[in-house]
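Here's a quick tour of a protein chain for anyone just starting out with structures. Have the picture open while you read, and look for each piece as it comes up.

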Amino acid sequence: MLNLESNIKYIKGVGEKRAELFYKLGIFDVDSLIHFFPRKYEDWTDTRLVKDTADGENAVIKATMITPVKESLIRRGLTLYKCKFSDGEQIINVTIFNNKYLAKSLRVYEDYVLFGKIERNFTSASMSSPKIETIDKGVYIHPIYSSTDKLTSTAIAKIVKTALDSLDTIPETLSDDIKIKYDLISLDRAIRQIHFPANDQEAAQARKRLIFEELLTLQLGLLKLKGNKMKETSLVIKNDFTKEFLSMLPYRLTGAQSRAVAQCVSDMQGKYPMSRLLQGDVGSGKTAVAAALIYTVIKNGYQCALMAPTEILASQHFNSISKAMRDTGINIRLLTGSVKASDKKQIKRELIEGKIDLLIGTHAIIQNDVEFNNLGLVITDEQHRFGVKQRASLANKGNGIHTLVMSATPIPRTLGLILYGDLDISILDELPPGRQVIRTDVVNSSYNKRIYKFIKDAVARGEQCYIICPMVEENEELADIKSAQQFAEELSQGDFKGYNLGLLHGKMKPKEKENVMKSFSNGDVQILVATTVVEVGVDVPNATIMVIENAERFGLSQLHQLRGRIGRGDKKSYCILVSDSESEVSVNRLMIMKKYSDGFKISDEDLKARGPGDFFGERQHGLPKLKIADMLEDMEILSLAQQCADEILKDDYNLDKEKNKHLCNSITRMFRDIEY
């Protein structure tokens, strides 16, 4: 008999060689095999006659094979196998491509089930490469798995069936009272039904149970992580200097900013380290909130660190915070990759001596040789751009440090509660006075001449413009998409000859990027052709127009981030999305940008269109990968799982009780590869 820990190679039909194929799918033992869930199903129970199907429709036909297989070699590497079947009323001509094993297994006058597309006319019907099974094996709901060329979905299904038949009972992980309260079937039943449901109801029952458990495990893990951070800290901020700082500002904070500052200060005045996410739309004033906290922490005798993902953004923070704290005696330094080696040495020496109050920089500030004297507060900007380890490295520069992570990527509130289950959340949902709604238009490239005239008129008024391209280098497969370099050259020799054009892309050296941005910021560059390097943080109030080429190639949240680079001054601003895509989906997505200016609304739409995986790119946010639950579709089950997690931890915080030991093991497995 197999058990859950048995290596996959010991399942009948696998062996050493085939096991290697399973390893590539992340399947190493029986447990990971039975938790490799189908991505969809094919219902073979609805059998019908050819006459009852439409031309081109996928159908399940019960039929008898009435002629032997004829083999013909079309060309090297392609063999066709032809035979005829009858459903009792009509003959079906079947062609099988390159599947010798299937062709040789078929027997004349035996009954089969054929699944595939029917092509029919008045006199005959045909099927090209249908799936074929014997009657006893075919008429059921077939699971479809993510597969490879060498390991088909059918092969995986057979191995799963063999494994499940060899297992006695899959051990239960949830207590009886949870199953009863939330109307859940047993784990053993759920696993068997998710792979081989007899009907839709069985599949739904299995999904509910498995989704609930996965989301419950996730919630428990995140709540435990939050609890682990609740170790008392000696870094208590005794005095609040917010009023003193605000009196130095030439403007008033919004209600949302004031609330966020108060929440953060309250956290830092408590017994436990602050661990908070500050989430706000583009231009909502996160930097002012950060500056207020930095001022209070420094006045209490501690050092602060602010980490940004790019040199441009780090420099911008350095300039704006230095300006806000002018004449305060606070020593602020900037540490990035392009700082001279001698200056770096001096900064590191002064930092450990306690002479620097605030260090702003890129990931250069998390190097091992950067040490603080008395670090009290760490702020990470655009935190989704950093890997989990990088964020943790900064927090580990001291003990019990207060942590604030800032994000201008508007994450739907419900999703935020999951992703940042280990953080408290402050949301800036008001824009500061003076921030205006940017007019957004969606056009095709036939409008280019008019767009360029519009840009020239704006430049004549002393305004500036961005032109954004989706890529830097030429790509043969995407020949219709111009690189930023190529586009800048064409424009400087053509429509904008005689104008000061700048070029900015990710492959430029940091110093080159900085010089270009400085030239744009001080008005020397009139038109900046750039890639998404400008997406985050660059603030040029005089820029009033943004043209985004091939706009369909960007995510909505990214388009919103880009659009946020304009409209920062008092002049009316315009965002023009240029796309020649004829795809209805692409056009509808871009119209969402025209319709909405609220980043949270846009992010909801983006998430619906792309799903959480694409929304965040590579899993930098530190969330374990979910096998069956869907962040959006399963919100109802999620809220039940959150409720259940709270109840469990109230009753047994350390999960020491016998009834919770399996859940404890599940959490360990789920969070095994996640480093906080």
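What follows goes from the whole chain to some of its helices and then to single residues.

Keep in mind that this is a predicted model. The protein chain has 23 helices and 24 strands. Of its 676 residues, 51% count as buried. If you take the contacts between residues at least 6 apart in sequence, 73% of them join residues at least 24 apart.

**Helix 10**

- Helix 10 covers residues 255-268, and at 1.5 Å a residue its 14 residues should span 20 Å; the end C-alpha atoms are indeed 20 Å apart, so the two values agree.
- Which residues of helix 10 are buried? They are A256, Q257, A260, V261, C264, V265, D267 and M268.
- These residues cover an arc of only 165 degrees around the axis, so they sit on the same side of helix 10.
- What do the buried residues of helix 10 pack against? Their partners include two helices, helix 9 (242-246) and helix 11 (286-299).
- Strands are on the list too: strand 12 (275-280), strand 16 (375-381), strand 17 (402-407) and strand 18 (424-428).

**Helix 11 meets helix 12**

- Two packed helices are described by the angle between their axes and the distance between the axes.
- For helix 11 and helix 12, the packing angle is about 60 degrees and the axes are 11 Å apart.
- That's why helix 11 and helix 12 count as oblique to each other.
- The crossing of helix 11 past helix 12 is right-handed.
- On the helix 11 side, the residues that meet helix 12 are T287, A291 and I294. Their counterparts in helix 12 are H317, S320 and I321.
- Helix 12 is also home to S315. Is S315 buried or exposed? Its relative accessible area is 15%, under the 20% cut-off, so S315 is buried.
- Leaving aside neighbours within four places in sequence, S315 touches L334 and E514. You'll meet E514 again in helix 18, where E514 is one of the buried residues.

**Helix 18**

- Helix 18 runs over residues 510-521, and its 12 residues should span 16 Å at 1.5 Å a residue; its end C-alpha atoms are 16 Å apart, so that checks out.
- The buried residues in helix 18 are K513, E514, V516, M517 and F520.
- Again the arc around the axis is only 165 degrees, which means these residues lie on the same side of helix 18.
- The buried residues of helix 18 pack against helix 12 (311-324). They also pack against strand 20 (464-468), strand 21 (501-504), strand 22 (527-530) and strand 23 (543-548).
- S521 belongs to helix 18 as well. With a relative accessible area of 43%, S521 is partly exposed.
- S521 and P541 are 20 residues apart in sequence, and their C-alpha atoms are 8.4 Å apart in space.
- After helix 18 comes G523, which has a positive phi, near 90 degrees.

**L640 in helix 22**

- L640 sits in helix 22, which covers residues 635-651.
- L640 has 31% relative accessibility, so it counts as partly exposed.
- Where sequence is concerned, L640 and L215 are 425 residues apart, yet their C-alpha atoms are separated by 9.2 Å.
- Which residues does L640 contact, leaving aside its neighbours within four places in sequence? They are Y182 and F212.

Methods: Residues numbered from 1 in each chain as written. Predicted model: local features only at pLDDT ≥ 70, side-chain atom pairs only at ≥ 80, totals over all residues. Heavy atoms only, no water. Helix = DSSP H or I, 4+ residues; strand = E, 2+ residues; numbered from the N terminus. Expected span 1.5 Å × (residues − 1). Buried < 20%, exposed > 50% of the residue type's maximum accessible area, 1.4 Å probe, protein only. Arc of directions from axis to C-beta. Contact = heavy atoms within 4.5 Å. Axes fitted to C-alpha atoms, helices over the stretch in contact; angles between N-to-C directions. Parallel < 35°, antiparallel > 145°, perpendicular 65-115°, else oblique. Left-handed = near helix turned anticlockwise from the far one by under 90°.
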